[in-house]
Amino acid sequence: MTGARGSAGHDGEAHARYAPGTPCWVSLMAHGLTATQEFYGALFGWEFVPGPPQLGPYARALLDGREVAGIGQLSPDRHLPVAWTPYLASDDVDSTAETVRLCGGTIGVGPLEAADFGRLAIGSDPSGAVFGIWQGATHLGTGITGVPGTPAWNELVTYEAAGVAKFYETVFGHERRALDSADLDQVTLCLDGRPVAGLHGVGAALPRDRGPHWMTYFEVMDVDASLARVTELGGRVLTAPHDSAHGRVATVSDPEGAELALVEGPR
């Protein structure tokens with residue numbers, strides 16, 4: 001986990017409009033929508049309400065009445081990876097999508113309207129990592145952060161960080177802050193000096209069955225208790241908890257195999 005994570009205190013931080021380039025939403029496409037909702041509802045305390053009908057079967061996850069994430073259903077004929085996808089804010093999704101193409105990325109979905117919620121596109125960077133672009137209208141993105149059950153950080157796991165960092169700098173206006181280490185290939189993406197996401201180059205250690213991918217970190221009250229709950233609910237623990245500068249971290253997968261990280265902030 002690179003960069004830094006701001007703490008918003010016990011009551012969390014309510015968000016207005018996100019600055020362009022800021023991760024503003026996370027969404028999961030799964031095969032079993034009901035079972036997936038049950039898993040995350042039990043793990044994070046989420047409740048669900050319907051999302052934009054243009055996205056097919058889709059639900060918005062709420063925590064204390066505020067939106068934190070989305071879960072949609074993959075059609076049976078779509079053999080796509082089940083994975084969490086971060087969305088980066090944009091004031092003009094069409095222009096951003098065109099810049100993605102010009103910089104060597106691809107756009108696989110959209111741009112398209114999501115009712116009156118906003119406008120979106122889904123693309124991939126030159127390394128193949130998938131991300132979304134969101135231009136908010138009535139829905140600006142994640143409504144609360146800094147409390148258990150909310151997204152805390154997004155990190156791109158890729159072959160080599162510096163090269164792909166140029167893509168995000170050009171497309172989203174990020175500033176690059178490299179880790180001063182001969183052993184670790186890590187870059188923090190910043191906006192106006194504020195860390196917003198991380199890049200972690202792992203070279204040949206990148207799993208061949210996954211390729212470059214974004215990893216979403218979710219805040220929890222107690223990592224060890226959450227890992228026990230993940231197992232009870234049919235998920236798997238992929239990496240044992242370890243202490244970092246940002247708190248205690250572990251990686252898990254849900255029953256369909258979507259990977260996510262759990263982080264317990266310093267007390």
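Does Ser253 count as buried or exposed, and at what relative accessibility? In this predicted model, Ser253 counts as buried because its relative accessibility is 3%, which falls under the 20% cut-off for that class. The residue belongs to strand E17, and, when residues up to four places away in sequence are set aside, Ser253 touches Val230, Gly235, Arg236, Leu238, Ala258 and Glu259.

The burial of Ser253 can be set beside that of the strand as a whole, since strand E17, which spans residues 247-253, is mostly covered, with six of its seven residues buried. On one side, E17 is joined to E16 by six bridges, and these two strands run antiparallel; within this pairing, Val237 has Val252 of E17 as its bridge partner. Strand E17 also pairs with strand E18 (residues 259-264), again in the antiparallel sense and over six bridges, and here the bridge partner of Ala250 is Leu262 in E18. The connection between E17 and E18 is a hairpin with five residues between the two strands, and in its turn Gly257 adopts a positive phi of about 100°.

These strands are part of an open sheet of eight strands, arranged in the order E12-E13-E14-E11-E15-E18-E17-E16 and with mixed pairing. The edges of the sheet are formed by strand E12 (175-178) and strand E16 (236-244), each of which pairs on one side only. On average, neighbouring strands of the sheet are turned by 25° against each other when direction is ignored. Elsewhere in the sheet, strand E13 (residues 185-191) and strand E14 (residues 194-201) run antiparallel and are joined by seven bridges, with His200 in E14 serving as the bridge partner of Gln186. Helix H3 (residues 161-172) packs on the sheet, where it touches strand E11 (151-158), E12, E13, E14 and strand E15 (213-219), and the direction of the helix makes about 10° with that of E13.

Open and enclosed spaces in the model were then examined. The largest pocket has a volume of about 1100 Å³, and of the 43 residues that line this pocket, Met29, Leu80, Thr85, Ile122 and Val130 are the closest to its centre. At least two lining residues are supplied by each of strand E2 (23-30), strand E4 (58-63), strand E6 (84-89), strand E7 (106-114), strand E8 (118-124), strand E9 (130-136) and E15, the last of these being also a strand of the eight-stranded sheet. The greatest contribution to the lining comes from E7, which gives five residues. By class, the lining of the largest pocket divides into 24 nonpolar, 14 polar and five charged residues.

As for enclosed space, the count comes to one cavity of 30 Å³ or more, and the volume of the largest cavity is about 70 Å³. The residues that line this cavity are Arg17, Tyr18, Cys24, Ala89, Ser90, Asp91, Trp134, Gly136 and Leu140, and they comprise five nonpolar, two polar and two charged residues.

How values were computed:
Residues are numbered from 1 along each chain as its sequence is written. This is a predicted model: local features need pLDDT of at least 70, side-chain atom pairs count only at pLDDT 80 or more; totals for chains, interfaces and linings use all residues. Side-chain values use heavy atoms; hydrogens and water are left out. Two strands pair if DSSP finds at least two bridges between them. Helices (H or I, at least four residues) and strands (E, at least two) are DSSP runs, numbered from the N terminus. Axes are lines fitted to C-alpha atoms, for helices over the stretch in contact, and angles run from 0 to 180 degrees between N-to-C directions. Contact means heavy atoms within 4.5 Å. On a 1 Å grid over the protein atoms alone, a cavity is a set of points where a 1.4 Å probe fits but cannot get out, and a pocket is an open set with protein on both sides within 12 Å along at least five of seven lines; lining residues have an atom within 4 Å of a point. Grid points are joined across faces, edges and corners, and a volume is the space filled by probe spheres set on the points. Ala, Val, Leu, Ile, Met, Phe, Trp, Tyr, Cys and Pro count as nonpolar, Asp, Glu, Lys and Arg as charged, and the others, Gly among them, as polar. Buried means under 20% relative accessible area, exposed over 50%, partly exposed in between (1.4 Å probe, protein chains only).
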